[in-house]
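Reader: I have a model open and would like to learn how to read it, feature by feature. Could you walk me through it?

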Amino acid sequence: MATPGFAGKILLVNLTTKQISSLDSAKYEAYGGGHGTAAAVFWDLCVAPGDWDLQDAFDPKNAVMLMTGPLSGTGLPFAARTSVSGLSPQCWPVNWFCHSNFGGCFAGMLKMAGWDGVVVIGKAESPVYINIVDDKVTLEDAKSLWGLTTWETQERIWQRSPARYGTEWQKFGDGYSLQWPAIVTIGPAGENMVRVASLVHGGGSGAGQGGFGGVFGSKNLKAIVVIGTGSIKVADPKELRIAREWWHTTWPRFTGLMRAETGVVGANCMACSRSCRNRNQIYGADSDNCAEATWYALAPPYQRTPTEVQWKSTDVAQKYGLNAMETCFMGPMSFKVTPDFPVQPELPAYTALGWYLKKMYDLGVVGPGKKVDTYPLPMDHYDRVEFAEVYAMAISKRIGIGNLLAEGTVRFAEKLGRLPGDFDTILRLTAWGYQDHWSMPGVEWAYGNLLDSRDINNHDVYRLLGPKKEVTCEEFVNIIASRTGAGGNPLWFDYSWKDEQAYKTGIYSEHKARFVAWRQHYATYYKESVLFCDWGFSNLYNDAGPGRKGYTPEAEPRFLKAVTGRNHSFADGMEIGRRAWSMKRAIFVMQGRHRDQEKFNGYIYRPGASFCAYANEKPIFNRSKWEWMNCRDLYLDDKGVEQWKTTYYKLEGWDPATGYPTRKTLENLGMKHVAAVLQSKNRLGSG
Amino acid sequence: MPGDKKTEIPKTKNRKYSRRDFVVGSGSVLAGGALAAYTPATAAAAEKSSYPLSSAYLVYDSRRCTGCLNCMLACSLVHDGATSTSLSRIQVSRAILTKYPHDMQIHVCRQCPEPMCVKNCPAGACYINAANANVRMIDAQKCIGCQTCLQSCPFIPHRTIWDHIANKASKCDLCADTPHFDKKGGPAGAQACVVTCPVGALKLVTELPDQRDNIGYDINIAPPAKAKPKAQPPAAAPAKG
């Protein structure tokens, strides 16, 4: 009998052998569901057998895993994400084990079909899609879908299904439904194994980062389709509804339509209430309202791109199935640099592929007749939406320079021979080749990027830091420390970065190491495994809450208890996060991760590291008092970072000399089997 | 089986206007509920029926709905103790790649003046609950699973729900019989879908809605949306490359 909130089984599809089987979810519940469970499954299927070097994400041995969380489909807000995991072709220089997730209704529908997740290994002989109708799973021919866009693919599959408007209830398996099958698919980009190809569900619920679209393509897997007519058992239905109402009424800022008076009709993922999307204003319905909404949004020196043109362009990225964050042009935001900054008066928020390509063109590195020709891109028409369309097609179908661009920004720069030099200045990528996003001066985001395998994309702490009218800086850090639920200390939030204070209480201190550990454990469990959306969780400070306290750490365990019936505390969840995080660490180590590799790219160690940020005002503890200070000049020091790493590794129970987890750590977390494999490869930490 | 029904549905081809069209088109600021007066269609329906009218009706605003399915999950939760899109008595179907407002269809039980489900149930399981303001209900204990109520429902899709696991039918009772609801349900109480909807796209009205097509049920609950801004021309060439 599965724990309420879990369906009890995970679908395992081997596309090589066409074998369809299942895994027992209960075996993996200790990893929390979602990405945590995926890490444990990956260990069992791909690491433990020892017959693969874990280097190539396009190897048929790679597993691409779509997982639900225990709250999926149970009617809770911010809990509609579907986790995606596996080796990532986007990660550089190693295809690290990585994760992404997407919203919509896929996770809820998969759970109602009776599955906690789908694990796909192997490679089909010819294009297929996986069709899930409750417990009946088939591989369907997708040859006629190959080459279609993500939207065309979904429409075509719906035409094959009984789902219609204006008709009677349709029979799916033994049950009936009026829902349309939930589909996650790739476009031409994924088919051509573009390393920055996304998975798209609906109009634009996309899993972009990681390049899992390319992994689908490498397996000849066009889509996964699911319709569920079953039910999701809830341990305490009355409490679940009460808890939801409690949350809505106690923190009313997060309820209801965001744009009620603007004429925009919101659209939500399953059971959410934030209305991130809209029904009536995006050019193509449901395309999106997040990063990809500004995929083609030029900023000065160009005339700003009209909103409607941006929306049309967003549709282009969604249809081809491109990771918009990675391939965008410059985003809507640029930030001025200091006068001595080389060849660049302003830097865009993301030095992404579209922008970097133009920069290389302007510098004469690429162009017609050059060693790297820009065919078929009309570079002189960079400011027109037609350019964006050709650009997307060239990448997705690997035409001309598109074949290089399809490898992603970091590999494109490498091919041009621009590395590591550009890392010092205009190419702001994480150690593993992802757009920097907003990591600095919020160093906890930067540290997270370094320790994980991608831009961790955790806005929660970033967006709450900044001067508050209502409370003093000291009151603020005291509130958020009290809401961490795990012995939080106000000094966790000290961003002192100069002199000895940086080592004593600031960005190189044990306090910051403890905060980063808290954040990684929180994110690994509550966000990537339970699958709370980044836009809602964590919530340490809230203007609308009692005493301005956020709903962390109360809402998470209350929601989980109502659904699962397990009497887990917030701290119990953090321990699950620590376990899953260590499992990920063990996978990284098996792939070759070592302390020596975990170094930031050059710009982080130089003035200008914090150019591109909104939230520059950070709390600073000035030996005796707290104050808000502008940290635009903050950059990291190699000595400080190395000392911080030693402190952090020790806190996690990893060997500070290598970064490898120790036997004691793994066994205390119930992972004796992991320790045994690491030892057999001589990669077990000392101590 | 549900898909085998031959009953005709009310025709929609001759529809010339809707109440929403009237409200928006006239520029009126009247709330939808304010227009719930008896029209000839509702009066005729009421007079024709030999059954007592329900005192409450669930209505919705398909243009305000965000497609979150909260109503459906709440419905199955409070009735069945589990969430399910197939067991929900209110049905929201979203064709996510279709343009607004044609991307959403919502189906609720209309608490018909002349309830064919009640009229045709051979087991007496489908009945009018006088203790709950005459809401039309199905007694699960008496239901024999013959699906007559599904086939009798004059609307497509039928508003009676088939539970293929329990082999029984159910329908919207305005939460009168909700063993897993923490609130008092029913026409005089709360409805899980209404209290859960995050945007107020559902409400209970006490007057019999206009029975023509969906005119009386798909009403304008929200203020009329502002017009969408016109498309702007593409960006001009840059002043400097």
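Reader: Let me begin with strand pairing. In which sense do strand 12 and strand 13 of chain A pair, and over how many bridges?

Author: A quick word first: this is a predicted model. Strand 12 (residues 199-201) and strand 13 of chain A are antiparallel partners, and three bridges connect them. To find one of these on screen, pick Val200(A), whose bridge partner in strand 13 of chain A is Gly206(A).

Reader: Which packing partner of the sheet should I look at next, and what does it touch?

Author: Look at helix 3 (residues 150-160) of chain A, which packs on the sheet and touches strand 11 (182-185), strand 12 and strand 14 (221-227) of chain A. The direction of this helix makes about 145 degrees with that of strand 11 of chain A.

Reader: What is the strand order of the sheet as a whole?

Author: In chain A the order is 8-7-14-11-12-13, an open sheet of six strands with mixed pairing. Strand 8 (136-141) and strand 13 (205-207) of chain A are the edge strands, each pairing on one side only. Direction ignored, neighbouring strands in this sheet are turned by 20 degrees against each other on average.

Reader: That makes sense. Where in chain A is there another open sheet with mixed pairing, and what is its order?

Author: Another open sheet of six strands in chain A has the order 2-1-6-3-4-5, again with mixed pairing. Its edges are strand 2 (19-24) and strand 5 of chain A; each has a single partner strand, so one side of each lacks a neighbour in the sheet. From one strand to the next, the twist averages 20 degrees.

Reader: Which way do strand 1 and strand 6 of chain A run, parallel or antiparallel?

Author: Strand 1 (residues 9-14) and strand 6 (residues 117-121) of chain A run parallel, joined by five bridges. Within this pair, Leu12(A) stands opposite Val119(A) of strand 6.

Reader: And what are the partners of strand 4 of chain A?

Author: A helpful general idea is that side chains in a regular strand alternate between the two faces of the sheet. Now to the case here. Strand 3 (residues 64-67) of chain A pairs with strand 4 of chain A in the antiparallel sense, over three bridges. One of the residues to check is Met67(A), bridged to Ser83(A) in strand 4. Strand 5 (residues 97-102) of chain A is also antiparallel to strand 4 of chain A, with six bridges between them. There, Thr82(A) has Phe102(A) in strand 5 as its bridge partner.

Reader: Why is strand 4 of chain A described as largely enclosed by the rest of the structure?

Author: Count its buried residues. In strand 4 (residues 82-87) of chain A, six of the six are buried, so the strand is largely enclosed by the rest of the structure.

Reader: Let me turn to helices. How do I describe a packed pair?

Author: Two packed helices are described by the angle between their axes and the distance between the axes. Take helix 13 (residues 443-451) and helix 17 (residues 510-527) of chain A: they pack at an angle of about 65 degrees, with axes 10 Å apart. The crossing of these two helices is right-handed.

Reader: Which residues of helix 13 and helix 17 of chain A meet?

Author: From helix 13 of chain A come Val443(A), Glu444(A), Tyr447(A), Gly448(A) and Leu451(A); they meet Lys512(A), Phe515(A), Val516(A), Arg519(A) and Gln520(A) in helix 17 of chain A. By class, the residues of this contact are five nonpolar, two polar and three charged.

Reader: How many residues of helix 13 of chain A are buried?

Author: Nine of its nine residues are buried, so to speak a mostly covered helix. Among them are Trp445(A) and Asn449(A). The buried residues pack against helix 14 (459-464) and helix 17 of chain A.Reader: Zooming out, what is the radius of gyration of chain A?

Author: Chain A has 22 helices and 21 strands. Its radius of gyration is 24 Å, close to the 26 Å that the globule rule gives for 687 residues, so chain A is as compact as a globular protein of that length. Of those 687 residues, 64% count as buried.

Reader: Finally, how many residues does each chain bring to the contact?

Author: Chain B brings 53 residues and chain A brings 62 residues. On the chain B side, helix 3 gives the most, with seven residues. Strand 15 (residues 232-233) of chain A and strand 2 of chain B run antiparallel and are joined by two bridges, and Lys233(A) has Ala82(B) as its bridge partner.

Notes. Residues numbered from 1 in each chain as written. Chains lettered and ligands numbered in written order. Predicted model: local features only at pLDDT ≥ 70, side-chain atom pairs only at ≥ 80, totals over all residues. Contact = placed C-beta atoms within 7 Å. Helix = DSSP H or I, 4+ residues; strand = E, 2+ residues; numbered from the N terminus. Pairing = 2+ DSSP bridges. Rg over C-alpha atoms; globule rule 2.2 N^0.38 Å. Buried ≥ 20, exposed ≤ 12 C-beta atoms within 10 Å, placed from the backbone. Axes fitted to C-alpha atoms, helices over the stretch in contact; angles between N-to-C directions. Left-handed = near helix turned anticlockwise from the far one by under 90°. Nonpolar A, V, L, I, M, F, W, Y, C, P; charged D, E, K, R; others polar.
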